[in-house]
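Visitor: I should like to take a close look at one part of this model, namely its salt bridges. Please describe which side chains take part and where they lie.

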Amino acid sequence: MSDEWTDARQLALELAGLAPPLNVDVMSMGLVLEPGERALRQVPVEVRHADRARWTGESRGVGLLTSRRVLLNLEAGQSVSFWWGSLVGFRPCVEDGYAVFDYSDGVARLMSSRAMASIAVAGIAALYGNAGLVEHPALATLRGAT
């Protein structure tokens, strides 16, 4: 099992309250969280958006997984938030390392990362709670990994 998958399984245990949470240094990233928001992991990301039938506008950076969003620090100097609570569609494909984020604004976002398993765990936990960690089909391979 890869280090990324091992970390995603550890994150799932932390979110379920079965393991102590990892300490993430948000200040070193120059980011600020909202009151009550919890930092979970720092992950590399690449983001694109839908333009008709193509994925365009590649942006790379570092993402901070939190209990409420994926907060991106992009190489271009921008910070962008992908809020879990505003999603109308979240389709992670852990095995292929990407997820589609749908905010019902006509512009789907494609996020890819070697740490997609952790991104999927954080998103599914935020959207569906602990039951999602056990039942969501996107995490089936992760649950079965040894």
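Guide: What follows is an account of selected salt bridges and of the residues that form them. The model is a predicted one, and the count of salt bridges in it comes to 10.

One of these joins the side chains of glutamate 14 and arginine 41, with a distance of 2.9 Å from N to O. The two residues belong to distant parts of the chain, for glutamate 14 lies in helix 1 (residues 3–15) and arginine 41 in strand 1 (residues 39–51), 27 residues apart. Glutamate 14 counts as buried because its relative accessible area of 7% is under 20%. Arginine 41 is likewise buried, at 4%.

A further salt bridge is formed by glutamate 34 and arginine 68, whose closest N and O atoms are 3.2 Å apart. Here the pair connects two loops: glutamate 34 is in the loop between helix 1 and strand 1, and arginine 68 is in the loop between strand 2 (54–66) and strand 3 (69–74), 34 residues apart. Glutamate 34 is partly exposed, with 37% relative accessibility, and arginine 68 is also partly exposed, with 31%.

Strand 1 appears again in the salt bridge between arginine 60 and glutamate 46, for which the N to O distance is 3.3 Å. Arginine 60 is in strand 2 and glutamate 46 is in strand 1, 14 residues apart. Arginine 60 is partly exposed at 43% relative accessibility, whereas glutamate 46 is buried at 16%. This pair belongs to a network of salt bridges that links Glu46, Arg48, Glu58 and Arg60.

Technical notes. Residues numbered from 1 in each chain as written. Predicted model: local features only at pLDDT ≥ 70, side-chain atom pairs only at ≥ 80, totals over all residues. Heavy atoms only, no water. Salt bridge = Lys/Arg side-chain N within 4 Å of Asp/Glu carboxyl O. Helix = DSSP H or I, 4+ residues; strand = E, 2+ residues; numbered from the N terminus. Buried < 20%, exposed > 50% of the residue type's maximum accessible area, 1.4 Å probe, protein only.
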